[in-house]
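I opened this notebook to record what I looked up in the structure. The entries follow the order in which I checked things.

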Amino acid sequence: MFKTKKEIVFVVLAGIFITNAVVAELIGGKLIQIGPFVMSIGILPWPIVFLTTDLINEYFGEKGVKKLSFITACLIAYAFLILFMAITIPAAKGISPVNDEQFEAVFGQSMWIIIGSLIAFMVSQLIDVWIFWFFKKRTGEKKIWLRATGSTVISQLFDSFIVLGIAFWLPGKIDFKTYITSGLTGYIFKLTLAIVLTPLIYAGHHFIKEYLEKDNHSNSEEHL
């Protein structure tokens, strides 16, 4: 099915990227508290999205990330449609272990998360790609940490506040003060994880580079 190892790498990275993005939407309705600060549990999978975004940027370019981002946005919209249908169809009375109220309490909030995340996702991804390539054009293959972390610093500032604003503040789930503190908490948390994951970006970069070089070496031997 896959003719080259590069195609396999893209499928694996795309699978990880899409899975974490969709899971973040589904679990995002739960708020957690760290000390005095409140944030959505949906931020947990996003550092993995940052990691895969940077690796896809490195090996498949700006177009690769943009195409995958649009595909993911469409899949998130599809999840929104399925959730809407699932909420609309009534549960079997006395049979279903989860009644309509329980189901809607969990996934009804996820629908607001999905709307906010769709907008935030596309805005942040486009910003991330632009900043990533802004740095790469000036540093070449050097300073991976700069373009990886630099793009995350800016893009996730927008992402954090757009999601919370649409999903929680506008519907009246949280007040403005909680919105600001939660946005800052989520942003700092994601930024900290992005910095902590920087060695994994280098490790992933090294592994993929060696994996693809073996494929290129094999292809060269076949032509001899």
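**Entry 1: a salt bridge inside one helix.** I began with E62, which counts as partly exposed because its relative accessible area is 28%. The cut-offs I used are under 20% relative accessible area for buried, over 50% for exposed, and partly exposed in between, with a 1.4 Å probe and protein chains only. E62 forms a salt bridge with K66, and their closest N and O atoms are 3.1 Å apart. By salt bridge I mean a side-chain nitrogen of Lys or Arg within 4 Å of a carboxyl oxygen of Asp or Glu. K66 is partly exposed too, since its relative accessibility is 30%. I placed both K66 and E62 in helix α2, 4 residues apart, which is about one turn of the helix. An α-helix has 3.6 residues a turn, so residues three or four places apart point the same way.

**Entry 2: ground rules.** I noted that this is a predicted model, in which local features need pLDDT of at least 70 and side-chain atom pairs count only at pLDDT 80 or more, while totals for chains, interfaces and linings use all residues. Residues are numbered from 1 along each chain as its sequence is written, and side-chain values use heavy atoms, with hydrogens and water left out.

**Entry 3: the other salt bridge.** How many salt bridges does a search of the whole structure find? I got 2. Besides the pair in α2, the side chains of E58 and K136 meet in a salt bridge, at 3.1 Å from N to O. This pair links distant parts of the chain: E58 is in helix α2 (residues 46-88) and K136 in helix α3 (residues 100-139), 78 residues apart. Are E58 and K136 buried or exposed? Both E58 and K136 are buried.

**Entry 4: F132.** I stayed in helix α3, where F132 has its place. F132 counts as buried because its relative accessibility is 1%. Setting aside neighbours within four places in sequence, I listed D54, N57, E58, R147, A148 and S151 as the contacts of F132. Contact here means heavy atoms within 4.5 Å. E58, from the salt bridge with K136, is thus also one of the residues that F132 touches. I also took a C-alpha distance: F132 and G150 are 18 residues apart along the chain and separated by 7.3 Å.

**Entry 5: I166.** Next I looked up I166, in helix α4 (residues 144-169). I166 is buried, because its relative accessibility is 16%. Which residues does I166 contact, leaving aside neighbours within four places in sequence? I found W112, I115, G116, I119 and P171. From I166 to I115 the C-alpha distance is 7.4 Å, although the two are 51 residues apart in sequence.

**Entry 6: helix α5 and Y187.** Helix α5 (residues 176-196) has 21 residues and reaches 30 Å from its first C-alpha to its last, close to the 30 Å expected at 1.5 Å a residue. The expected span is 1.5 Å times one less than the number of residues. I listed the buried residues of α5 as Y179, S182, G183, T185, G186, Y187, K190, L191 and A194. Y187 counts as buried because its relative accessible area is 13%. Not counting residues up to four places away in sequence, Y187 touches V153, Q156, L157 and S160. Y187 and F121 are 66 residues apart in sequence and 14 Å apart, C-alpha to C-alpha.

**Entry 7: helices α1 and α6.** I ran the span check on helix α1 (residues 5-27) as well: its 23 residues should cover 33 Å, and the end C-alpha atoms are 33 Å apart, which agrees. Among the buried residues of α1 are V9, L13, F17 and I18. In helix α6 (residues 198-223) I looked up K209, which is partly exposed because its relative accessible area is 43%. K209 and M122 are 28 Å apart, C-alpha to C-alpha, and 87 residues apart in sequence.

**Entry 8: the whole chain.** I counted 6 helices and 2 strands, as DSSP runs numbered from the N terminus (helices H or I, at least four residues; strands E, at least two). Along the sequence they follow the pattern α-β-β-α-α-α-α-α. The C-alpha atoms fill a box of roughly 70 × 40 × 25 Å along the principal axes. Buried residues make up 43% of the 224 residues. Among contacts between residues at least 6 apart in sequence, 73% join residues at least 24 apart.
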